[in-house]
Every structure is written in structure tokens, then in C-alpha cells.
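Could you walk me through this model in my viewer, one selection at a time? I would like to know what to click on and what I will find there.

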Amino acid sequence: MLRRPRRNRVSPTIRKMVQETTLQVSDLVLPLFLVEGTKVDEQITSLPVARRMSLDVILEEVNTCVSLGLKQFILFPSIPENRKDTIASYSYAKDNFYLTAANTIKSKFPDICLISDVAMDPYNSDGHDGLVVDGKIVNDPTLPILAKMAVAQAEAGFDIIAPSDMMDGRVEHIRTALDEHGYEDKLILAYTAKYASAFYGPFRDALDSAPKSGDKKTYQMNPANVNEAHIEAELDIAEGADMIMVKPAMHYLDVINEFKASYDIPIVAYHVSGECAQLLAASRLGWLDYDQAMPEAVLSIKRAGADIIITYFAKELAIKFSKA
Ligand code: PBG
């Protein structure tokens with residue numbers, strides 16, 4: 001036989017030489033869930049790899065990660081019910097603990113990259129990402145609220161502002177507001193193709209952020225659509241996005257792949273809570289070998305075309321890499 005593909009698999013060293021995709025710690029972003037208070041460190045039942053932490057605990061966690069070489073984080077707040085209202089006013093309040101925490105984290109660790117989340121849902125008593133008027137999520141009146149939130153986050157020290165709300169026109173609105181306030185160096189990571197997915201369950205448990213009524217289908221995308229994802233990508237890039245995201249990741253590898261082939265800016269994939277929880281659950285039942293399956297899952301997202309992967313496994317992977 002002239003062609004024997006197995007020759008390239010004959011030894012571990014050769015296999016490594018011809019390996020096409022590699023995962024490294026700088027590809028990964030670790031999500032962190034912030035709660036108010038001190039000494040709070042609670043495991044999330046439906047996502048046992050993640051914890052709800054107060055700022056003091058997060059600072060220790062960031063310190064550990066940094067010593068492993070992991071320097072990229074995305075921060076989400078768990079907002080107490082009594083701070084929520086219909087206009088998400090706490091999202092840009094001066095004393096907002098999410099903003100003050102970001103400020104502390106960045107002043108203690110100036111070299112890390114800290115990503116925010118722009119959407120009304122953690123602060124909105126309706127639990128929706130946009131403003132609710134007469135039972136409807138209204139697009140244009142949401143935009144100034146998102147812009148205020150984005151400017152407050154830039155001011156707090158976040159490096160990347162990441163709108164996850166899926167309102168039309170938000171990237172341009174946020175870019176303009178950031179520039180007007182002198183934050184032209186702050187990046188925008190747009191949640192470009194964010195699907196109305198059932199795989200956000202553990203995240204919504206963690207933050208108690210599920211919509212109080214209805215669902216998110218009038219703004220998040222239909223899982224059946226990929227042409228529409230290109231419309232979103234073209235708009236977000238034209239409006240000034242520096243990076244575009246596909247979310248979830250593992251069930252949308254085709255979308256990641258198409259984005260990589262079509263657009264020249266960095267492609268981010270969000271390996272979401274439910275996708276990570278699936279792996280953890282099967283591993284706990286003894287149905288999957290976690291140490292093998294978890295890195296394979298994350299590698300597949302990179303191979304599909306993601307430049308950057310947000311995953312709850314980022315720290316565990318950093319530990320693995322540091323031992324390799
Ligand atoms: C909120 C937001 C969600 C996630 C990230 N930002 C949930 C939602 O849209 O309800 C989900 C992340 C995950 O499941 O890991 N706008």
C-alpha cells in the first residue's frame with residue numbers, strides 16, 4: 001500500500017509532531033460567579049465545577065489561576081432580589097458590588113483580562129435581557145440602558161465589554177457610548193450567535209436569572225438557523241465588534257466553523273453551563289472518563305475554529321497543562 005495514514009500515528013512523538021490542533025491556556029476564559037458578602041463559597045449543584053463566590057474568595061481564585069498561567073476571566077453577578085427593578089437601574093449604580101469588585105480585581109491583578117456581561121437579566125425584576133413594556137421585550141428603549149451599563153463597566157476597569165442581550169443595534173450603541181466617554185480602547189465582544197438554548201439551565205440556577213415569565217425566543221436565535229447567524233455577524237462586525245461569539249459551543253460547532261471561514265476577527269465560543277454539566281453528570285455516573293472526555297470536548301471546539309473558548313473547565317485544564 002502506497003498510502004498508509006497509520007504511519008503518522010505510529011509513536012507518541014510522531015503523533016504529537018503531526019497534531020493539527022493544540023489547546024493552550026491563553027485560549028481559555030474562566031467564568032466566575034460573584035455574590036455579595038464575604039467568605040461565600042458555594043458549589044453550584046447543577047454545575048459542580050463552578051462556585052458562587054464573594055470577592056475575597058474570587059481574589060484567591062484569580063491568584064491561583066494566575067499562578068497556573070490562566071489570566072482570562074469573565075465575571076457574572078448574582079444580584080439579590082431586592083436590588084432588582086423593571087429598568088435594571090442597579091446595573092449602573094455607583095455602589096454596584098459587581099462594578100466595585102471588578103475595580104478591586106483589576107487593581108490587584110492589572111495584567112489579567114477581565115470580561116463583563118452586558119444584559120439586563122441579572123438586574124431586571126422580569127428576568128429578561130431587555131426592557132419589558134406591556135409584556136413585550138422592547139428593543140430600542142433597551143439600548144440606552146445597555147450603553148449606560150457598558151460605560152459603567154468600562155469605568156470599573158473591565159477590559160472587554162460583552163453584550164449578551166441580543167438586542168438589535170446594541171453594538172453600535174455601546175461603541176458610540178464608550179467612545180464618547182473616552183473608552184475607545186475597550187474591546188467589544190459581541191454575543192453574536194446566541195441561541196435560545198436549553199443548555200443555559202445551570203447558569204440560570206447559579207444566578208437565579210431565569211425569566212419570570214415567557215422565554216427568550218424573541219431575541220435569542222432559533223437553534224435551527226445558521227444563515228441568520230451570518231446576518232448577526234455581519235451587523236456586529238459593521239457596528240464595531242472586536243470579537244464575535246457563538247453560544248453554546250459544542251452543539252453549534254458548524255456555526256463556529258462557518259464563522260471561522262467567513263470572518264477575519266477572533267471567534268469566541270462559549271462552552272455553556274449545560275454542556276459542561278452533561279459531561280460532569282455522565283462522569284459521576286461512571287459512564288464517561290472525565291479526564292479523557294473533558295479535554296476532548298474542549299479541543300473539539302478549538303478544532304472547529306474557535307480562537308478563544310469560554311469554559312467552566314478552564315482552571316482544570318490549566319492544572320492539567322501545568323503538570324504536562
Ligand atoms: C445572560 C447570560 C446567559 C449566559 C451568559 N450570559 C444566560 C441566559 O441567556 O439566560 C449563559 C451561560 C451558560 O449557560 O453558561 N444574558
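Start by selecting serine 164 together with the ligand: a polar atom in the side chain of serine 164 lies 2.8 Å from a nitrogen atom of the ligand. Keep in mind as you go that this is a predicted model.

Next, add aspartate 121. An N or O atom of the aspartate 121 side chain is 3.2 Å from a nitrogen atom of the ligand. Then add glutamine 220, where the partner on the ligand is an oxygen atom, 2.9 Å from a polar atom of the glutamine 220 side chain. Now turn on a surface: the ligand taken alone exposes 410 Å², and the protein buries 100% of that. If you display cavities, look for the ligand in the largest cavity.

Widen the selection to the whole shell around the ligand. How many residues surround the ligand? There are 18, and the closest are Lys194, Arg204, Lys247, Ser273 and Tyr312. Colour the shell by class and you should get eight nonpolar, three polar and seven charged residues.

Stay with lysine 247 for the next stop. Among the residues closest to the ligand, lysine 247 is also joined to proline 248 by a cis peptide bond, with omega at about -5°. Proline 248 itself is found in the loop that runs between strand E10 (243-247) and helix H8 (253-262).

Now for the aromatic rings. Across the whole structure, a search finds 13 aromatic pairs. To see one of them, select phenylalanine 76 and phenylalanine 203: the pair is edge-to-face, at 4.9 Å centre to centre and with 90° between the planes. Why is this pair worth a look along the sequence? Phenylalanine 76 lies in strand E4 (residues 72-77) and phenylalanine 203 in helix H6 (residues 201-207), so the pair ties together parts that are 127 residues apart in sequence.

For the last stop, select lysine 39, in the loop between strand E1 (28-34) and strand E2 (41-44). What is the phi of lysine 39? The value is positive, about 55°, although lysine 39 is not a glycine.

Technical notes: Residues are numbered from 1 along each chain as its sequence is written. This is a predicted model: local features need pLDDT of at least 70, side-chain atom pairs count only at pLDDT 80 or more; totals for chains, interfaces and linings use all residues. Side-chain values use heavy atoms; hydrogens and water are left out. A residue is near a molecule or strand if one of its heavy atoms lies within 4 Å of it. A polar contact is a pair of N or O atoms within 3.5 Å; within protein, one must be able to donate a hydrogen and the other to accept it, and residues adjacent in sequence count only if both atoms are side-chain atoms. Accessible areas come from the Shrake-Rupley method with a 1.4 Å probe; for residues, only the protein chains shown count as cover. On a 1 Å grid over the protein atoms alone, a cavity is a set of points where a 1.4 Å probe fits but cannot get out, and a pocket is an open set with protein on both sides within 12 Å along at least five of seven lines; lining residues have an atom within 4 Å of a point. A molecule sits in a cavity or pocket if more than half of its atoms lie within 2 Å of its grid points. Ala, Val, Leu, Ile, Met, Phe, Trp, Tyr, Cys and Pro count as nonpolar, Asp, Glu, Lys and Arg as charged, and the others, Gly among them, as polar. Rings of Phe, Tyr and Trp (its six-membered ring) pair if their centres lie within 6.5 Å; planes under 30 degrees apart count as stacked, over 60 as edge-to-face and the rest as tilted. Helices (H or I, at least four residues) and strands (E, at least two) are DSSP runs, numbered from the N terminus.
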